[in-house]
Amino acid sequence: SFYELVGDVIESAGGTVVKFIGDSAFVVFPEEDARAGVSALRELKRQAEEHFATFGFQSELTIQAHVGRVTCAKVGTRTDKRLDVFGDAVNFTARLPHNGFVLSERLKEAITG
């Protein structure tokens, strides 16, 4: 049900769920939709925390978000190709602090400028 929630919130705002890794999700938005992406991430955090509370879990969804150039491609085996995203921006995002709701300085500039 968490995966469905992520998909509903992200896709309705114009984003794409690239993949899930356990209880984590990797999502992307077009750069021109950065402001909508940040709003969707805030809404996802709110809804996910409420969702987990209905099961008696006190859980905090952490968000790390950045804006930058990436390469998107379908990769995989001959019979199982899936969308993935690569680039320095992906690696930079993964190294952001893992607490609360973290936006890179570049993303903050993009949504306020």
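Visitor: Why are Glu49 and Lys45 said to be about one helical turn apart?

Guide: Both belong to helix α2, residues 34-53, and they lie four residues apart there, which means a separation of about one helical turn. A helix here is a DSSP run of H or I with at least four residues, a strand is a run of E with at least two, and both are numbered from the N terminus. Please keep in mind that this is a predicted model, where local features need pLDDT of at least 70, side-chain atom pairs count only at pLDDT 80 or more, and totals for chains, interfaces and linings use all residues. Residues are numbered from 1 along each chain as its sequence is written, and side-chain values use heavy atoms, with hydrogens and water left out.

Visitor: What makes the contact between Glu49 and Lys45 a salt bridge?

Guide: The term asks for a side-chain nitrogen of Lys or Arg within 4 Å of a carboxyl oxygen of Asp or Glu. The closest N and O atoms of Glu49 and Lys45 are 2.6 Å apart, so the pair fits the rule. Seven salt bridges are counted this way.

Visitor: Why is Lys45 called buried, and what is Glu49 called?

Guide: Buried means under 20% relative accessible area, exposed means over 50%, and partly exposed is in between (1.4 Å probe, protein chains only). Lys45 has 15%, so Lys45 is buried. Glu49 has 25%, so Glu49 is partly exposed.

Visitor: Which salt bridge does Lys45 form with Glu60, and at what N to O distance?

Guide: Their side chains meet at 3.4 Å, N to O. This pair links distant parts of the chain, since Glu60 sits in the loop between α2 and β3 (63-65), 15 residues from Lys45 in helix α2. Glu60 is exposed, at 51% relative accessible area.

Visitor: How do you know that Glu105 and Lys108 form a salt bridge?

Guide: Their closest N and O atoms are 3.2 Å apart. They are three residues apart in helix α4 (residues 105-112), so about one helical turn separates them. Glu105 is exposed at 53%, whereas Lys108 is partly exposed at 35%. Elsewhere, Glu43, Arg46 and Glu50 are joined into one network by salt bridges that share partners.

Visitor: Why are α2 and α4 called roughly perpendicular?

Guide: Axes are lines fitted to C-alpha atoms, for helices over the stretch in contact, with angles from 0 to 180 degrees between N-to-C directions. Angles under 35 degrees are roughly parallel, over 145 roughly antiparallel, 65 to 115 roughly perpendicular, and the rest oblique. These axes come within 8 Å and cross at roughly 115 degrees, so the helices count as roughly perpendicular.

Visitor: How do you know that strands β4 and β5 pair?

Guide: Pairing requires at least two bridges found by DSSP between two strands. Strand β4 (residues 71-76) and strand β5 (residues 81-86) have six, in the antiparallel sense. Val75 stands opposite Arg82, and Gly76 has Lys81 as its bridge partner. The two strands form a hairpin, with four residues between them.
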